[in-house]
Amino acid sequence: MTDETNEVLSEDNATQINPTEQPQTEPVTEVKNEDDYEEEKRGLLEQIDNLKAELLKEQIKVQLLVLGIIPEKLEDGAAMAYGLCLAGKSPENAADEIITAYPHLKAVRQEIPQFSSESTGSGDGFSAIRRIFSAR
């Protein structure tokens with residue numbers, strides 16, 4: 001090989017640098033002062049508190065539904081039970097106390113009578129009624 005080919009090969013090798021060998025440059029970030037960190041921390045803590053409150057409300061609603069509250073009265077019962085939870089009760093105890101204290105919020109199963117009769121033939125009650133009215 002000649003010197004010219006050696007120079008071309010060395011130039012090609014020089015331009016092909018392995019990416020792992022390249023120095024890592026860190027992105028330029030804005031320097032934050034202590035107040036910015038405190039403000040961000042307060043915002044995140046407030047968001048966490050809001051999420052905890054929402055989770056507690058949903059736990060109360062589930063417990064009230066398990067205990068048999070009327071779905072239309074769910075929000076009212078949940079608001080009262082949430083107040084008890086803020087006073088230190090667990091969601092289960094608060095929901096149980098609300099259902100016990102306000103029994104009108106609980107759904108009551110009512111038995112609906114079901115009638116069955118044959119609609120054909122002379123053995124059913126309707127044929128006797130039809131005969132009465134058809135004779136006139």
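**Figure 1. Threonine 100 sits in helix H4, which covers residues 91-101.** This first close-up, like the ones that follow, comes from a predicted model. Threonine 100 counts as exposed because its relative accessibility is 58%, and the exposed class begins over 50%. Look also for leucine 67: threonine 100 is 33 residues from leucine 67 in sequence, while their C-alpha atoms lie 10.0 Å apart in space.

**Figure 2. Lysine 61 belongs to helix H2, residues 34-67.** Is lysine 61 buried or exposed? With a relative accessible area of 17%, lysine 61 is buried, because the cut-off for that class is under 20%. The side chain of lysine 61 also has a polar partner, the side chain of glutamate 75, at 3.0 Å. Leaving aside residues up to four places away in sequence, lysine 61 touches Leu74, Glu75 and Ala78.

**Figure 3. Helices H2 and H3 pack with their axes 9 Å apart.** The angle between H2 and H3 is about 120 degrees, and the two helices are therefore oblique to each other. H2 passes H3 in a right-handed crossing. On the H2 side, the contact is made by Ala53, Leu56, Lys57, Ile60, Lys61, Leu64 and Leu65. On the H3 side, look for Leu74, Glu75, Gly77, Ala78, Ala81, Tyr82 and Cys85. Sorted by class, the contact of H2 with H3 has 10 nonpolar, 1 polar and 3 charged residues. Lysine 61 and glutamate 75, the pair from the previous view, can be found again here, with their side chains in polar contact at 3.0 Å.

**Figure 4. Helix H3, residues 74-86, packs with H4 at an angle of about 130 degrees.** The axes of H3 and H4 are 9 Å apart. At this angle H3 and H4 are therefore oblique to each other, and H3 passes H4 in a right-handed crossing. Which residues of H3 and H4 meet? From H3 come Gly77, Met80, Ala81, Leu84 and Cys85, and from H4 come Pro91, Ala94, Ala95, Glu97 and Ile98. By class, the contact of H3 with H4 has 8 nonpolar, 1 polar and 1 charged residues.

**Figure 5. Helices H2 and H4 cross at roughly 45 degrees.** Their axes come within 9 Å, and the crossing angle makes H2 oblique to H4. The crossing of H2 and H4 is right-handed. In this view, Leu56, Gln59, Ile60, Gln63, Leu64 and Leu67 of H2 meet Pro91, Glu92, Ala95, Asp96 and Ile99 of H4. By class, the contact of H2 with H4 has 7 nonpolar, 2 polar and 2 charged residues. Leu67 deserves a second look: as well as meeting H4 here, leucine 67 is the residue whose C-alpha lies 10.0 Å from that of threonine 100.

**Figure 6. Stepping back, the protein has 5 helices and 0 strands.** This last panel places the close-ups in context. Along the sequence, the secondary structure follows the pattern α-α-α-α-α. How many of the 136 residues count as buried? The share is 14%, and lysine 61 is one of the buried residues. Among contacts with a separation of 6 or more, 49% join residues 24 or more positions apart. To retrace the helix pairs from here, find the H2 and H3 axes at about 120 degrees, then those of H3 and H4 at about 130 degrees, and finally those of H2 and H4 at roughly 45 degrees.

Technical notes:
Residues numbered from 1 in each chain as written. Predicted model: local features only at pLDDT ≥ 70, side-chain atom pairs only at ≥ 80, totals over all residues. Heavy atoms only, no water. Helix = DSSP H or I, 4+ residues; strand = E, 2+ residues; numbered from the N terminus. Buried < 20%, exposed > 50% of the residue type's maximum accessible area, 1.4 Å probe, protein only. Polar contact = N/O pair within 3.5 Å; in protein donor to acceptor, adjacent residues only side chain to side chain. Contact = heavy atoms within 4.5 Å. Axes fitted to C-alpha atoms, helices over the stretch in contact; angles between N-to-C directions. Parallel < 35°, antiparallel > 145°, perpendicular 65-115°, else oblique. Left-handed = near helix turned anticlockwise from the far one by under 90°. Nonpolar A, V, L, I, M, F, W, Y, C, P; charged D, E, K, R; others polar.
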